[in-house]
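Colleague: I should like to go through this model with you and ask how its descriptions are justified.

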Amino acid sequence: MSRYLGLAAILVLALIAPFFVYSVTLMTILVFVIFASSFNLLLGYAGLLSFGQAMFFGTAAYITGHILKTTGVSLEIAIIGGMLIGAVMGFLVGLVAVRRSGIQFAMITFAIAQFVYFLLLQSEFTGGEDGMQRIPRTEIFGFIDLSDNFSFYYFVLAVTVLSIAFFYRVVHSPFGEVLKAIRDNEPRVESLGFKPDRYKLVAMTLSAGMAGLAGGLKATVFQFATLTDVSWHVSGEVIFMTLLGGLGTLTGPMVGAGIVIGLNDHLAQFGEWALISQGVILLAVILFFRRGVVGELGAFVRRYKAGGRK
Amino acid sequence: MFDGISIQLLMGQLLIGLINGSFYAMLSMGLAIIFGLMHVVNFAHGAQYMLGAFIAWLLLNTLGINYWGALFIAPVVVAIFGMVMERLVLKPIHHLDHLYGLLATYAVTLIVEGLIRQQYGSSGLPYSSPIPGGVNLGFMFLPWYRLWVVLFSFAMCLGTWYLIEHTKLGSYLRAANENPEIVESFGINVPRMITLTYAFGVGLAGLSGVLAAPIYQVSPSMGSSLMIVIFAVVVIGGMGSIMGAILTGYLLGVVEGLTKVFYPEGANLVIFVIMILALILRPQGLFSKKEGA
């Protein structure tokens with residue numbers, strides 16, 4: 001019950017937020033909510049550490065941007081295009097990466113992401129070091145004009161709400177239960193007749209598709225796509241958000257994305273200190289608060305309730 | 001023999017490939033040693049390599065200690081840093097999923113790189129060669145310093161491999177890797193051995209950094225860009241195999257150099273293509289004996 005109240009409160013906050021906060025900042029948070037949730041689906045529920053999640057995000061941003069720049073299709077088609085590219089990439093990377101378990105999965109995704117980075121750097125259509133500029137924000141469904149940031153925010157919010165509903169469905173489906181079982185004890189799942197590699201491959205495809213959706217949205221929010229979107233710093237940032245918010249919880253990536261984007265906004269003027277503080281906070285989370293903000297709060301509330309009943 | 005490709009270009013790139021390969025070999029060997037005993041993928045390896053180079057630069061520019069002094073001092077300083085890091089960061093999370101080790105060393109990398117960049121800026125700092133000059137081989141010019149790096153790092157790799165695979169000390173290490181409880185029951189202090197092994201691997205990274213300082217510019221990001229390649233090398237060679245890491249390191253350095261001659265556009269990509277092919281054709285690793293190791 002309290003969980004639904006919490007979600008309703010977050011939704012109300014999200015609806016009135018653009019009256020108080022710059023809408024581009026809010027849209028950045030929403031984009032990263034989807035992106036971090038896609039990472040969380042892999043690490044939090046399947047135990048797979050993707051250290052290259054930015055390759056799906058960044059490539060999709062370029063593809064969505066390229067579709068919008070070269071064709072006159074409506075916005076949602078271009079974003080879906082980015083999402084599909086992400087999913088296909090996820091499937092292909094998954095084919096190679098799930099062959100090695102545990103820690104090697106992280107190293108392989110990290111290296112393949114760098115491969116994608118170099119490919120995009122050398123491709124003509126991406127604009128190389130300069131990036132892709134002036135991506136047009138076409139009408140949604142061909143007739144709804146959302147070119148100003150304020151109304152575009154509500155489009156991004158709607159996509160985010162749908163995405164979270166999607167993650168909820170996946171995690172609470174029989175498929176999600178098998179994923180969690182693989183995370184906790186892979187040999188046992190295998191002995192029950194499941195094929196863990198296939199489940200991991202599907203998880204990888206879904207996660208990469210959602211990362212692609214986030215990337216496509218990003219390209220339309222900022223109207224540019226750059227190599228930064230594909231770099232390992234972004235892959236690392238999304239790890240940071242998820243761990244800080246709370247790994248393996250649905251609300252964790254939301255809270256994490258909000259805190260990190262807010263933190264980046266405030267620390268941007270201090271140059272390197274933004275990255276340094278990320279490192280310090282991440283280290284503190286790993287050493288002392290592995291449940292993240294949401295997990296620790298939940299544990300605190302449970303302790304409080306248990307104490308109150310006595 | 002090859003149309004339009006001069007012998008100078010070919011030999012020049014081969015030498016660069018051999019030099020890069022020396023660094024790939026030394027760094028992936030350190031990574032493999034640490035992984036073998038602790039099952040931690042030391043993401044900070046690149047940052048520790050960068051620290052080695054920076055300490056060499058600082059020693060020269062603040063205390064006036066030259067390259068040869070730095071070659072002894074910097075690895076020791078970096079190793080001590082590693083010891084402290086192992087005790088404060090890695091030991092407390094040793095019992096957890098090994099993914100946390102990778103993430104914790106990633107966090108340390110962010111902190112170390114950020115602090116250095118904050119203090120010294122992100123542009124490269126020059127470090128002049130301690131052995132200027134070279135020899136003209138007729139078909140190419142070979143700088144003495146590059147020859148020194150190739151020979152020295154080769155000796156380091158062989159020496160380390162011998163130490164771990166063929167001495168009593170190394171046999172303790174390998175035994176502790178297989179079964180730490182039994183080794184401990186023989187009266188060997190395994191936690192201290194882990195700390196010292198980590199310090200040794202990290203010290204090797206620092207030493208590579210000093211070697212690299214006169215060749216590449218000393219910059220905060222010199223380690224993380226190398227790290228990406230090192231990960232690919234270790235994945236190709238198979239985790240935890242020391243000889244595998246050394247051989248793959250040299251091999252990939254040379255292949256990368258040759259790609260620069262014959263297909264320059266692919267030079268950045270070739271290592272990753274090989275990694276993907278290796279994963280498809282030989283998923284357990286090129287030099288790995290154990291299935292899925």
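Modeller: A:Arg134 is a suitable place to begin; this residue sits in the loop between H5 and helix H6 (149–171) of chain A. Please bear in mind that the model is predicted.

Colleague: Why is A:Arg134 called exposed?

Modeller: A residue counts as exposed if 12 or fewer other C-beta atoms lie within 10 Å of its own. A:Arg134 has 9 such atoms within 10 Å, and is therefore exposed.

Colleague: What makes the backbone of A:Arg134 worth noting, given that this residue is not a glycine?

Modeller: Its phi is positive, at about 45°. Most residues other than glycine have a negative phi.

Colleague: Which residue of chain B has a positive phi although it is not a glycine?

Modeller: B:His39 does, with a phi of about 60°. B:His39 belongs to the loop between helix H1 (7–38) and helix H2 (45–63) of chain B.

Colleague: Why is B:His39 called partly exposed?

Modeller: The cut-offs are 20 or more other C-beta atoms within 10 Å for buried and 12 or fewer for exposed, with partly exposed in between. B:His39 has 16, so it is partly exposed.

Colleague: Why, then, is A:Ala257 called buried?

Modeller: A:Ala257 has 26 other C-beta atoms within 10 Å, and the class of buried residues begins at 20. A:Ala257 is therefore buried. This residue is part of helix H11 (residues 252–267) of chain A.

Colleague: Which residues does A:Ala257 touch, leaving aside those up to four places away in sequence?

Modeller: A:Ala257 touches A:Ile29, A:Phe32, A:Val33, A:Ala36 and A:Met241. In addition, the C-alpha atoms of A:Ala257 and A:Val31 are separated by 8.8 Å, although the two residues are 226 residues apart along the chain.

Colleague: How do you know that the length of helix H2 (residues 23–46) of chain A agrees with expectation?

Modeller: At 1.5 Å a residue, its 24 residues should span 34 Å. The end C-alpha atoms are 34 Å apart, so the two values agree.

Colleague: Where does H2(A) bend?

Modeller: H2(A) bends at A:Asn40, by about 35°. Just after this helix, A:Gly47 takes a positive phi of about 70°.

Colleague: What makes H2(A) mostly covered?

Modeller: Of its 24 residues, 21 are buried. H5(A) is also described as mostly covered, with 15 of its 20 residues buried.

Colleague: How does the reach of H5(A) stand against the span expected at 1.5 Å a residue?

Modeller: H5(A) reaches 30 Å from its first C-alpha to its last, close to the expected 28 Å.

Colleague: How many residues does each chain bring to the contact between chain A and chain B?

Modeller: Chain A brings 33 residues and chain B brings 35. On the side of chain A that touches chain B, the elements giving two or more residues are helix H5 (103–122), helix H10 (232–245) and helix H12 (273–288). H5(A) gives the most, with 13 residues. By class, that side of chain A has 21 nonpolar, nine polar and three charged residues.

Colleague: How do you know that chain B agrees with the rule for a compact globule?

Modeller: For 293 residues, a compact globule would have a radius of gyration near 19 Å. Chain B has 19 Å, so it agrees with the rule. Its C-alpha atoms fill a box of roughly 65 × 50 × 35 Å along the principal axes, and buried residues make up 47% of the chain.

Colleague: What secondary structure does chain B have?

Modeller: Chain B has eleven helices and two strands. Their order from the N terminus is α-α-α-α-β-β-α-α-α-α-α-α-α. Among its contacts between residues at least 6 apart in sequence, 77% join residues at least 24 apart.

Colleague: Which residues of chain B does UniProt annotate as "transmembrane region"?

Modeller: The unreviewed UniProt entry lists several spans, including 67–86 and 261–281. In the model, residues 67–86 of chain B are 100% helix, with end C-alpha atoms 28 Å apart. Residues 261–281 of chain B are 67% helix and 0% strand, and their end C-alpha atoms are 26 Å apart.

Colleague: Which spans of chain A carry the annotation "transmembrane region"?

Modeller: Among them, according to the unreviewed UniProt entry, are 77–98 and 152–171. Residues 77–98 of chain A are 95% helix, with end C-alpha atoms 31 Å apart. Residues 152–171 of chain A are 100% helix, and their end C-alpha atoms lie 29 Å apart.

Terms used. Residues are numbered from 1 along each chain as its sequence is written. Chains are lettered from A and ligands numbered from 1 in the order in which they are written. This is a predicted model: local features need pLDDT of at least 70, side-chain atom pairs count only at pLDDT 80 or more; totals for chains, interfaces and linings use all residues. Two residues are in contact if their C-beta atoms, placed from the backbone, lie within 7 Å. Helices (H or I, at least four residues) and strands (E, at least two) are DSSP runs, numbered from the N terminus. Ala, Val, Leu, Ile, Met, Phe, Trp, Tyr, Cys and Pro count as nonpolar, Asp, Glu, Lys and Arg as charged, and the others, Gly among them, as polar. The expected span of a helix is 1.5 Å times one less than its number of residues. The bend at a residue is the angle between axes fitted to the seven residues ending there and the seven starting there. The radius of gyration is taken over C-alpha atoms; the globule rule is 2.2 Å times the number of residues to the power 0.38. UniProt positions are given in the numbering used here, feature names are shortened, and annotations may be inferred rather than shown by experiment.
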